[in-house]
Amino acid sequence: SSGESINSRLALVMKSGKSSLGYKSSLKTLRSGRAKLIIISGNTSPLRKSEIEYYAMLAKTSVHHYKGNNVDLGTACGKYFRVGMLSVLDPGDSDILKNEN
Amino acid sequence: VVIILQGRYAGKKAVIVKNYDEGTKERPYPHAIVAGIERYPLKVSKSMNKTKVAARSHVKPFIKVVNYAHLMPTRYSLELEEIKSAVQSETFQEPTQRAAAKKVVRSSLQKRYLAGKNKWFFTKLRF
């Protein structure tokens, strides 16, 4: 799926589902097992990226590398701040999870 | 098995004995009781005699209650039934209980090391 569709799916998740924005809160959701999908922005440092990938591997959660930086990811979430990482807890009406598989 | 990230024991490997995903009244955050290895056994080589090997194979343990945020989980695991009964939340109330619990941890970890199992756990993390 192209970059456009992930944006629209994210918008739907923001509207109808539950998500957790930010590194600290995404880690918390990964630890508790509530995260269904992690989206990482393109400009997060490789160390942090691999750390989250390791956590997600242990939690058996899929990771999506967003094509765009944290500014773009924040805009895609409809926020006026930068979002380096977010975790989708409940997709709502979106099919964002089905596309990953 | 986890790696402690903060505090005096940062960089040391530990086993989760009991975890509290919801937290307790005294600690309203997710935390775990861990038993870790404070001083790793030194490297032994074939040319050393028995007493030297025995002295270099000592394991100094620690027990601690740690916030999840200060732990890095790993894919490794270490099963230790004896520790589970010795180290509980009551153990941390008195220093004498702590010392007794550490003795149990020490003996079981020492046995594990000498049996040659869980080699990754007993090697120092280089950083």
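## Ser94(A) and the interface of chains A and B

Not counting residues up to four places away in sequence, Ser94(A) touches Arg9(A), Leu12(A), Val13(A) and Ser16(A). The structure is a predicted model, and what follows describes the setting of this serine before turning to the interface between the two chains and to the annotated domains.

Ser94(A) sits in the loop that runs between strand 4 (85-90) and helix 5 (96-100) of chain A. With a relative accessible area of 4%, Ser94(A) counts as buried, because this value falls under the 20% cut-off. The side chain of Ser94(A) has two polar partners to report here, both of them backbone atoms of chain A, as the table sets out.

| Side chain | Backbone partner | Distance |
|---|---|---|
| Ser94(A) | oxygen of Arg9(A) | 3.3 Å |
| Ser94(A) | nitrogen of Ile96(A) | 3.1 Å |

Arg9(A) thus appears both among the residues that Ser94(A) touches and as the owner of a backbone oxygen that lies 3.3 Å from a polar atom of the serine side chain.

Turning to the interface, five residues of chain A are in contact with seven residues of chain B. Together the two chains bury about 560 Å², and carbon and sulfur atoms account for 68% of that area. On the side of chain A, 70% of the area buried against chain B is supplied by Arg31(A), Tyr54(A) and Tyr55(A), which is more than any other three residues provide. Helix 3 of chain A, spanning residues 46-59, gives the most to the side that touches chain B, contributing four residues. By class, the residues on that side of chain A divide into three nonpolar and two charged, with no polar ones.

Which kinds of polar pairing are found between chain A and chain B? The count of salt bridges between chain A and chain B is zero, whereas two residue pairs are in polar contact across the interface, both at pLDDT 80 or more.

The UniProt record, through unreviewed entries, places a feature in each chain. In chain A, the feature "domain: Ribosomal protein eL8/eL30/eS12/Gadd45" is placed by UniProt at residues 5-97; over this span the chain is 48% helix and 19% strand, with its end C-alpha atoms 13 Å apart. In chain B, UniProt places the feature "domain: KOW" at residues 1-23, a span that is 0% helix and 48% strand and whose end C-alpha atoms lie 20 Å apart.

Definitions and conventions: Residues are numbered from 1 along each chain as its sequence is written. Chains are lettered from A and ligands numbered from 1 in the order in which they are written. Side-chain values use heavy atoms; hydrogens and water are left out. Helices (H or I, at least four residues) and strands (E, at least two) are DSSP runs, numbered from the N terminus. Buried means under 20% relative accessible area, exposed over 50%, partly exposed in between (1.4 Å probe, protein chains only). A polar contact is a pair of N or O atoms within 3.5 Å; within protein, one must be able to donate a hydrogen and the other to accept it, and residues adjacent in sequence count only if both atoms are side-chain atoms. Contact means heavy atoms within 4.5 Å. Buried area is the accessible area (1.4 Å probe) that two parts lose on being put together, summed over both. A salt bridge is a side-chain nitrogen of Lys or Arg within 4 Å of a carboxyl oxygen of Asp or Glu. Ala, Val, Leu, Ile, Met, Phe, Trp, Tyr, Cys and Pro count as nonpolar, Asp, Glu, Lys and Arg as charged, and the others, Gly among them, as polar. UniProt positions are given in the numbering used here, feature names are shortened, and annotations may be inferred rather than shown by experiment.
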